[in-house]
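User: Hey, can you walk me through this model? I'd like to go over the packing, the cysteines and any odd backbone spots.

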Amino acid sequence: MVDFGVIVKYRKNGIGSRLMDAAEKVAAQYSDMVYLGVGLHEGYGSAQRMYVKRGYIPDGTGVWYGEKVCPQYADCCNDDDLVLYFSKALNKKKRT
């Protein structure tokens, strides 16, 4: 697992998008799909919005806590371990 983040005072300058462009370019050399997880509390709001704008969609597995799917009606803590996973098909034409 690798964390990705931009320091708050530098957000909204396109840094995250440029880093994602580079990460997706590298990923495209190995796979046609990218998967990522994003936290659900408000501290991840900017990341949630960026991923959706970039074409990521929920992968359909539901909410995870730690390394396991959080069962329906289960108690959980809205901390950094509460995550929703997303996926995105990479456009083969963008590969270079």
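Analyst: Sure. One term before we start: contact here means heavy atoms within 4.5 Å. Also keep in mind that this is a predicted model.

User: Fine. Which residues of α2 are buried?

Analyst: G45, M50 and Y51 are buried in α2.

User: And what covers the buried residues of α2?

Analyst: The cover includes α1 and β1, the latter spanning 33-39.

User: Which residues make up the largest nonpolar core?

Analyst: That core has 10 residues in all: M20, A28, V34, L36, V38, M50, Y51, Y56, F86 and L90. At least two residues each come from α1, β1 and α2. The largest share is that of β1, with three residues.

User: What does Y56 touch, skipping residues up to four places away in sequence?

Analyst: On that count, Y56 touches M20, E24, V34, L36, Y51, F86, S87 and K88.

User: How many aromatic pairs does the structure hold?

Analyst: Two. One of them joins Y51 and Y56: the ring centres are 5.8 Å apart and the planes sit at 65°, so this pair is edge-to-face. Y51 and Y56 are both buried.

User: And the other one?

Analyst: That's W64 with Y85, an edge-to-face pair with 5.4 Å centre to centre and 80° between the planes. W64 belongs to strand β2 and Y85 to strand β4, so the pair ties together parts that are 21 residues apart in sequence.

User: How accessible is W64, and how accessible is Y85?

Analyst: W64 has a relative accessible area of 22%, so W64 counts as partly exposed. Y85 comes out at 25%, which is partly exposed too.

User: Let's move to Y65. Where is it?

Analyst: Y65 is in strand β2. With 31% relative accessibility, Y65 is partly exposed.

User: What is Y65 in contact with, leaving aside neighbours within four places in sequence?

Analyst: C70, C76, C77, D79, D81 and L82. With D79 there's a polar contact, side chain to side chain, at 2.8 Å.

User: How far is Y65 from F86?

Analyst: C-alpha to C-alpha, Y65 and F86 are 15 Å apart in space, and they're 21 residues apart in sequence.

User: You mentioned some cysteines there. How many disulfides are found in the whole structure?

Analyst: Zero.

User: Why is C70 not bonded to C76?

Analyst: The C76 sulfur is the closest cysteine sulfur to that of C70, but at 4.1 Å it is too far for a bond. The cut-off for a disulfide is sulfur atoms within 2.5 Å.

User: What about C77?

Analyst: C77 is in no disulfide either, as its nearest cysteine sulfur, in C76, is 7.6 Å away.

User: Are C70 and C77 buried or exposed?

Analyst: C70 is buried, at 18% relative accessibility. C77 is partly exposed, with 41%.

User: OK, switching to backbone. What do you see for phi at K12?

Analyst: K12 isn't a glycine, yet its phi is positive, near 70°. For context, most residues other than glycine have a negative phi. K12 sits in the segment before α1, which spans 15-28. K12 is also exposed, at 78% relative accessible area.

User: And what about Y73?

Analyst: Y73 has a positive phi of about 70° and is not a glycine. The loop between β3 (68-69) and β4 (82-89) is where Y73 lies. With 77% relative accessibility, Y73 is exposed.

User: What follows α2?

Analyst: G55 follows α2, and its phi is positive, near 95°.

User: Last one, R54. Where is that, and is it buried or exposed?

Analyst: R54 is in the loop between α2 (45-53) and β2 (57-65). R54 counts as buried because its relative accessibility is 16%, and the cut-off for buried is under 20%.

User: Which side chain does R54 have a polar contact with?

Analyst: The side chain of D21, at 2.8 Å. Setting aside neighbours within four places in sequence, the residues in contact with R54 are S17, M20, D21, E24 and K88.

User: Great, thanks, that covers my list.

Notes:
Residues are numbered from 1 along each chain as its sequence is written. Side-chain values use heavy atoms; hydrogens and water are left out. Helices (H or I, at least four residues) and strands (E, at least two) are DSSP runs, numbered from the N terminus. Buried means under 20% relative accessible area, exposed over 50%, partly exposed in between (1.4 Å probe, protein chains only). A polar contact is a pair of N or O atoms within 3.5 Å; within protein, one must be able to donate a hydrogen and the other to accept it, and residues adjacent in sequence count only if both atoms are side-chain atoms. Rings of Phe, Tyr and Trp (its six-membered ring) pair if their centres lie within 6.5 Å; planes under 30 degrees apart count as stacked, over 60 as edge-to-face and the rest as tilted. A nonpolar core is a set of buried Ala, Val, Leu, Ile, Met, Phe, Trp, Tyr and Cys residues joined through side-chain atoms within 4.5 Å.
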